[in-house]
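This report describes strand pairing and charged side-chain contacts in one protein chain. The sequence and the structure come first, and the description follows.

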Amino acid sequence: MSRFPACTLRDPSSELTATFVPSAGMIGTSLSDGGVELLGLRRGLQAYVSDYKTMGIPLLYPWANRLSGNSYRVGDTEVTLTPGSGGVHTDAHGAPIHGTLAGDPGWRVTEQSASTLTAELDFGSRPDLLASFPFPHLLRSAVWIADRTLTVRTTITATSEAAVPLCFGFHPYLQLPGVPRQQWRIETPPMRSRMVDTRGIPTGATAPYPSATEVLGEKVFDDGFDDVTPGAVFALSGGGRRIEVQFDAGYPAAQIYAPATEDVICFEPMAAPTDALRRGGYRMARPDEPGVAQFSIRVR
């Protein structure tokens, strides 16, 4: 048996399939339309688990993108992060990045059918995780596929009196095999741009970002946004295929990532903007009020 058993979901009405691996961080490792892979698999699953090299559709938890320092405060709780401990890893500039759950094996499958998968991780039972994010809770991920659409719903339920900051996100790597990057067309909704410094940390400056339709061409993105409205759609199209990422609910922020060195683009749903865990501006999941967020990927 594989060290990382995969669960493949099949759309009953089309040839669309999606594959997730609960024992490797509940990561999405494939979104295939009639055998055509629409996710950028980059260095592969093993590199994700061993070296935190993202691919497919990884969950960035409990914070997405970078933090501007190794400490943060939530109410009266002060936390100091230790890179290399408690799941904390850093970028080239030493900034803690993408949370602590990359490749985590602690997920337990609670429901599975031909087109649905639900798994849970009891964050509150893990002293190693609580060292970096001391807010006990149950993390639940439900994914399903139908009508040429993959839907991912995340639910955070506090399991103590402490409310849980919601700063997580996802990083779906999209591609259009057989279509040159220079011909890819992207569509983005109206939102607000958040300027960053050379380390990718927000400066505090913002600017309106009107809706746009453009050819990707040689353009490079690593840009953060907020003021994303519920139901907003980001799209990639070319070669007769269109992939839509819809921020259904609970994702008011986004990152667009399209490097010059790879033929991928990411429209990343984020529950809070970059560095929110240090700056504030996030929702909280409370014992009587779970935090829920959902996005979907539709292939036309």
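Strand E1 is joined to strand E2 (residues 16–21) by four bridges, and the two run antiparallel; within this pairing, Cys7 stands opposite Phe20 of E2. The model is a predicted one. These two strands belong to an open sheet of four strands, ordered E1-E2-E3-E4 with antiparallel pairing. Its edges are formed by E1 (7–10) and E4 (36–37), each of which pairs on one side only.

Further along the chain, strand E16 (residues 191–196) takes part in two pairings. With strand E17 (residues 202–209), E16 pairs in the antiparallel sense over five bridges, one of the bridge partnerships being that of Val196 with Pro202 in E17. E16 and E17 form a hairpin with five residues between them, and in the turn Gly200 has a positive phi of about 85°. With strand E19 (residues 221–226), E16 pairs over three bridges, again in the antiparallel sense, and here the bridge partner of Arg192 is Asp226 in E19.

Asp226 and Arg192 are also connected through their side chains, which meet in a salt bridge with an N to O distance of 2.8 Å. This contact links distant parts of the chain, since Asp226 in E19 and Arg192 in E16 are 34 residues apart. Asp226 is buried, with a relative accessible area of 6%, whereas Arg192, at 29%, is partly exposed.

The count of salt bridges in the model comes to 20, and three of these contacts are set out below.

| Acidic residue | Basic residue | N to O distance |
|---|---|---|
| Asp91 | Arg66 | 2.7 Å |
| Asp226 | Arg192 | 2.8 Å |
| Glu244 | Arg300 | 3.0 Å |

What does the salt bridge between Asp91 and Arg66 tie together? Asp91 lies in the loop between strand E7 (77–80) and strand E8 (108–112), while Arg66 lies in the loop between strand E5 (59–60) and strand E6 (71–74), so the pair ties together parts that are 25 residues apart in sequence. Both Asp91 and Arg66 are buried.

The salt bridge of Glu244 with Arg300 joins strand E21 (residues 241–249), which holds Glu244, to the segment after strand E25 (291–299), where Arg300 lies, and therefore ties together parts that are 56 residues apart in sequence. Glu244 counts as buried because its relative accessibility is 11%, below the 20% limit for that class, while Arg300 is partly exposed at 48%. Glu244 and Arg300 are also members of a network of salt bridges that links them with Glu187 and Arg242.

Terms used
Residues are numbered from 1 along each chain as its sequence is written. This is a predicted model: local features need pLDDT of at least 70, side-chain atom pairs count only at pLDDT 80 or more; totals for chains, interfaces and linings use all residues. Side-chain values use heavy atoms; hydrogens and water are left out. Two strands pair if DSSP finds at least two bridges between them. A salt bridge is a side-chain nitrogen of Lys or Arg within 4 Å of a carboxyl oxygen of Asp or Glu. Buried means under 20% relative accessible area, exposed over 50%, partly exposed in between (1.4 Å probe, protein chains only).
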